[in-house]
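Me: I am new to this structure and would like to get to know it step by step. Could you walk me through it?

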Amino acid sequence: MSSRPDRRPNPEELLRQVQADERRETRGRLKVFLGYASRVGKSFRMFDEGRRRKARGQDVVVAAMQGEVTPDISEMLSQFERVPPVVEKHAGRDYYVIDLAALFRRHPSVCLIDGLAYDNPPGSRNPERWQDVSELLDRGISVITAVNLQHIREKQDEVQRITGKRAANSIPEEFLLEADEIEVVDAPPEALIGRSSDGSMPDPRQLAELREMALLLAADVVDRQLQCYLDSHGVAARWGAQERILVCLTPRSNADQMLRSGHRNALRFHGALLVAYVEQADLPPEDRVRLDHHLALARDLGAEVHCLRGEDFVSTILEFAREQRVTQLFLGHTGRSPQMRFVRGPIDRLIDAADDFDVRLFPHREET
Amino acid sequence: VSEEKRGKLKVYMGYAAGVGKTYRMLSEAQDLRRQGVDIVIGYFEPHGRKETIALTEGLETIPRRVIAYGGSNFEEMDTDAVLRRKPAVALVDEFAHTNVPGCDRVKRWQDVRILLDAGIDVLTTMNVQHLESLNDQVWHVTGVRVRETIPDWVVDEADEVVFVDLTPRALRNRLERGVVYQQEKARHAMENFFTEANLTALREMAIRHTAHEVEERLLTAPRAAAAVETGEQGAEGAARGGQPAAGKERILICLTGRPSSAFLIRRGKRVADYLQADCLALHIATGPDGREAVERHLSFARNLRIETHVMEAADVPGAIAAFARAQNITQIFMGRSQPRPWWKLLSETIVQRVVRESHDMQITIVAERRR
């Protein structure tokens, strides 16, 4: 990446960065194993990582594990020191609460917590376990933990749409996004079905949908990490692993076709859909009405709508497209403008300058 | 000849050397062996990694075939020997490998397809950067032009693609500890290809690609009768169902002898794959010049399973527009027109004329992304 132009961060950015670095130095590191369903092998991977770290001389303790333990995990568990959770009874229910006081006293360097989405009984120091984990991190204790997709709060509606079920406990997605590391535990659905012991038969199709969802969530987390890394190193990247589509609208565009196509492309690529228009002074009222109608449709389709201001249409669009790391730019054209023959029109200029993204041209709707 | 069922292919997908693909594959091979499955190692690349080598214990290995080339001996999978042995499952490391000249087939994935045809299940490993469709993106991100590539359709044919993950931080720790490569090579790797930014970007590509493979299988698999049908099935549901309301898209790639055509082909095919669109390539020949380069691009396109057409015409844009209309094309992919000499500045470029003549179609002008 040496050939990339460096971007000098401004003073506020630098300060934020220094503060973040300071926090990071004293704070423990959070590593999360993310699975798309039970029995995908998260616990095994998590304890296996703990075992490896212990073998390399790190001070590792187990602070929580899940109810049923398979023989291979049970064997690994016997090698660890444990600070077991405290069992608290409340309203006829057993709660397993991380023993924060004991952990603070013991102060290991790494703490293994199997199962992140648990709630604590009313009157506890924190209502939910992930908040306990956050306190461990604040005290400089690193945490390795595991969580399933169905417990990510922001994903629960979609999971319920797929499976018809909703897990009672959840963690905020933001907590996952802020983890230092997240590792995906992936396996084909068949492996899970074969492993099922309780007789319930999960539907392979549902599992595949959950699997895709978990992978895309992980990709978003990784994309965020990539951006953070590039920002903190002052690299202005013009690329990414994600498809980003910018639909550029004018009053005369065939907005319906452009937006629907953009929406479909963004969905299939699991990319982003952005919509922009360049503000024009003295827009005739009928054009203003058309444009507003286009923008309403864009918002209906869930696009981010941006109003751009600038003297020159081409350079305004170009600058925005680069800043947004756009990979495809959608433009409308009349197709038979007489100026095209002799003068370099705005579309030609955009095509000439677009060396980072594709330009897709959509014919304007036939005027009747 | 008895009608044999084709073997199943499972691909362990990673994003770099050392993430644990072979380790994971061998662990599963050991599970299968314990279950009594007849499994052999067709090819395994030890790379001197102790923990991985330990996992081959107890597994039968088919001896490799030695091939002399250029005064040295090279070892490749002995495909015929695996066929004769005919196990239920064969383990074949490094799917993207190119065989040494003198083998029956150029690529290892071709050997794997022979095994599958014979009804043998195959487990194999690869990294995302070996996918043909990601070649330019990988180069753009990392500066490395990956030479050993696999056409996407070969991986799409796999019954299962499993993502093998390891965080870039953990991978770099492994490199530092000398687990992946020897110290000298490891240091060099960490300063070049294995930078945190490169690894993070490649990892994102691998995760997104695995999600895509999962989705492809969901879209093509018959829907189970018991599937939950609650919730809205709005625009999103329709688009996810893969059936655009206005019928299937058909993409036409206009290729020339210019070097940028390779990029154009990969990009057009990738978009077509994601949109589940038909993909055609067309070359309009105006004279005998540059036939060789054009032939290369046409055969590259055919390798990616793109239907290719060649036509002779003096009027290139007119011929493209006519062909596109006759073939019900919905989107045309073209490269940028070359800079013109001053005496032609007042005439239209080919792109401009195609835009004018195919005024009812979408036209995509693909940028040759430079680093």
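Me: How much area is buried between chain B and chain A?
Reply: Happy to help, and please keep in mind that this is a predicted model. The size of an interface is often given as the accessible area lost when the parts come together. Here carbon and sulfur atoms give 50% of that area, and the total buried between chain B and chain A is about 6900 Å².

Me: Which three residues supply more of the area that chain B buries against chain A than any other three?
Reply: The trio supplies 10% of the area that chain B buries against chain A. On the chain A side, 76 residues are in contact with 79 residues of chain B. The three residues you asked for are B:R208, B:L218 and B:Q362.

Me: How many salt bridges does the rule find across the interface of chain B and chain A?
Reply: One salt bridge links the side chains of A:R264 and B:E249, with 4.0 Å from N to O. For the interface of chain B and chain A, the rule gives a count of 9 salt bridges.

Me: How many residue pairs are in polar contact across this interface, and which helix of chain B gives the most to the side that touches chain A?
Reply: The rule finds 26 residue pairs in polar contact between chain B and chain A, both residues being at pLDDT 80 or more. That side of chain B is made of 32 nonpolar, 18 polar and 29 charged residues. With 17 residues, the element that gives the most to it is helix α9 (residues 196–220) of chain B.

Me: Do the paired strands of chain A and chain B run parallel or antiparallel?
Reply: Strand β13 (residues 358–363) of chain A is joined by 3 bridges to strand β13 (residues 362–366) of chain B. Within this pairing, A:R360 stands opposite B:T364. The two strands run antiparallel.

Me: What share of the residues in chain A is buried?
Reply: Chain A holds 14 helices and 13 strands. Among its contacts with a separation of 6 or more, 72% are between residues 24 or more positions apart. Of the 368 residues in chain A, the buried share is 54%.

Me: Is B:E160 buried or exposed?
Reply: B:E160 lies in strand β8 (residues 160–163) of chain B. Leaving aside neighbours within four places in sequence, its contacts include A:P188, A:P189, A:E190 and B:R217, and its side chain has a polar contact of 3.4 Å with that of A:R211. Because its relative accessibility is 14%, under the 20% cut-off, B:E160 counts as buried.

Me: Where does B:S261 lie, and is this residue buried or exposed?
Reply: B:S261 is in helix α11 (residues 261–275) of chain B. Not counting residues up to four places away in sequence, B:S261 touches B:L255, B:T256 and B:H297. Its relative accessibility is 2%, so B:S261 counts as buried.

Me: What is the phi of A:H270?
Reply: Most residues other than glycine have a negative phi. A:H270 is in the loop between α10 (255–269) and β10 (272–278) of chain A. Although A:H270 is not a glycine, its phi is positive, at about 50°.

Me: What is the relative accessible area of B:R305?
Reply: B:R305 is found in the loop between α12 (291–303) and β11 (307–312) of chain B. This residue, which is not glycine, has a positive phi near 65°. B:R305 counts as partly exposed because its relative accessible area is 46%.

Note on methods: Residues are numbered from 1 along each chain as its sequence is written. Chains are lettered from A and ligands numbered from 1 in the order in which they are written. This is a predicted model: local features need pLDDT of at least 70, side-chain atom pairs count only at pLDDT 80 or more; totals for chains, interfaces and linings use all residues. Side-chain values use heavy atoms; hydrogens and water are left out. Contact means heavy atoms within 4.5 Å. Buried area is the accessible area (1.4 Å probe) that two parts lose on being put together, summed over both. A polar contact is a pair of N or O atoms within 3.5 Å; within protein, one must be able to donate a hydrogen and the other to accept it, and residues adjacent in sequence count only if both atoms are side-chain atoms. Helices (H or I, at least four residues) and strands (E, at least two) are DSSP runs, numbered from the N terminus. Ala, Val, Leu, Ile, Met, Phe, Trp, Tyr, Cys and Pro count as nonpolar, Asp, Glu, Lys and Arg as charged, and the others, Gly among them, as polar. Two strands pair if DSSP finds at least two bridges between them. Buried means under 20% relative accessible area, exposed over 50%, partly exposed in between (1.4 Å probe, protein chains only).
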